[in-house]
Amino acid sequence: KQWYQRRVRGIQDAVSSVCNVDNVKTATRLLAQTTLRNMLGTKSLAEILAEREEISNSMQQTLDAATDPWGVLVERVEVKDVRLPQNLQRAMAAEAEAHRDAKAKVIAAEGELNASKALKEAADVINESPAALQLRYLQTLGAVAAERNSTIIFPFPIDMMKAFVEK
């Protein structure tokens, strides 16, 4: 199966064709393959799949300019099918996985940043009212007690101890 389809209108100038190239058909085919390799080698797979028309048009212009001295006119070029070697497929899959991993790390870091901002805001709110810290502490103890049947050691606040010591 071919990767491309080219339509050569034909020999426009027989003298140039005979004098400038030994085998017009083979030379045109080899030039088309080389041009295709060069153009596809500069693009990612996503670009190749998305820009088939642009690649085909660019190839046609390049081929037409190159074959003009041979007396050949390239009428149309189409990229029909792109097959990748297994090792290139593996390399592209590894690159895509690395990209996904990097993106996941960025998302996790953004989540950590947002969590730290939320904790700072909560600390600022609690800092405004000392009683809020005590209430949060009691709320946490209640949540821990509800989860398991366990013994909870409840530390007695030192502030309350001062009131008994001073008397």
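Where is the place of leucine 45? Leucine 45 sits in helix H3; its surroundings are taken up again in the last section.

## Overall architecture

The model is predicted. The protein chain has seven helices and two strands, and its elements follow the order β-α-α-α-α-β-α-α-α from the N terminus.

Of the 167 residues in the protein chain, 17% count as buried. The protein chain exposes about 12800 Å², of which carbon and sulfur atoms supply 56%. Among contacts with a separation of 6 or more, 62% are between residues 24 or more positions apart.

## Helix H4

Helix H4 covers residues 52-67, and its end C-alpha atoms are 22 Å apart. This agrees with expectation, because 16 residues at 1.5 Å a residue should span 22 Å.

The buried residues of H4 are Ile55, Ser56, Met59, Leu63 and Thr67. They cover an arc of only 95° around the axis, so they lie on the same side of H4. Glu53, Gln61 and Ala65 are exposed on the other side of H4. The packing partners of the buried residues of H4 are H2, helix H3 (45-50) and strand E2 (72-79).

## The nonpolar core

The largest nonpolar core consists of twelve residues: Ala32, Leu36, Met39, Leu40, Ile48, Ile55, Met59, Leu63, Val74, Val77, Val79 and Val82. H2, H4 and E2 each supply at least two residues of this core, and H2 gives the most, with four residues. In soluble globular proteins, nonpolar side chains tend to be buried together.

Methionine 59 is one of the core residues and one of the buried residues of H4. Beyond its neighbours within four places in sequence, methionine 59 is in contact with Ala32, Thr35, Leu36, Met39 and Val77. Of these partners, Ala32, Leu36, Met39 and Val77 are listed in the core as well.

## Two buried threonines

Threonine 35 lies in helix H2, which runs over residues 24-40. Threonine 35 counts as buried because its relative accessibility is 7%, under the 20% cut-off. A polar atom of the threonine 35 side chain lies 2.7 Å from the backbone oxygen of leucine 31. With neighbours within four places in sequence left aside, threonine 35 is in contact with Met59, Thr62 and Leu63. Met59 and Leu63 are among the buried residues of H4.

Threonine 67 belongs to helix H4. Its relative accessible area is 0%, so threonine 67 is buried. The side chain of threonine 67 reaches the backbone oxygen of leucine 63 at 2.8 Å. Not counting residues up to four places away in sequence, threonine 67 touches Thr28, Leu31, Val72 and Val74. Leu31 thus appears in the description of both threonines: its backbone oxygen lies 2.7 Å from a polar side-chain atom of threonine 35, and threonine 67 touches Leu31.

## Leucine 45 in helix H3

Leucine 45 is partly exposed, because its relative accessible area is 30%, a value between the cut-offs of 20% and 50%. Its contacts, leaving aside neighbours within four places in sequence, are with Leu84 and Met92.

Leucine 45 and glutamine 89 are 44 residues apart along the chain, and their C-alpha atoms are separated by 10.0 Å. Helix H3, where leucine 45 is placed, is among the elements against which the buried residues of H4 pack.

Conventions:
Residues are numbered from 1 along each chain as its sequence is written. This is a predicted model: local features need pLDDT of at least 70, side-chain atom pairs count only at pLDDT 80 or more; totals for chains, interfaces and linings use all residues. Side-chain values use heavy atoms; hydrogens and water are left out. Buried means under 20% relative accessible area, exposed over 50%, partly exposed in between (1.4 Å probe, protein chains only). A polar contact is a pair of N or O atoms within 3.5 Å; within protein, one must be able to donate a hydrogen and the other to accept it, and residues adjacent in sequence count only if both atoms are side-chain atoms. Contact means heavy atoms within 4.5 Å. Accessible areas come from the Shrake-Rupley method with a 1.4 Å probe; for residues, only the protein chains shown count as cover. The expected span of a helix is 1.5 Å times one less than its number of residues. The arc is that of the directions from the helix axis to the C-beta atoms. A nonpolar core is a set of buried Ala, Val, Leu, Ile, Met, Phe, Trp, Tyr and Cys residues joined through side-chain atoms within 4.5 Å.
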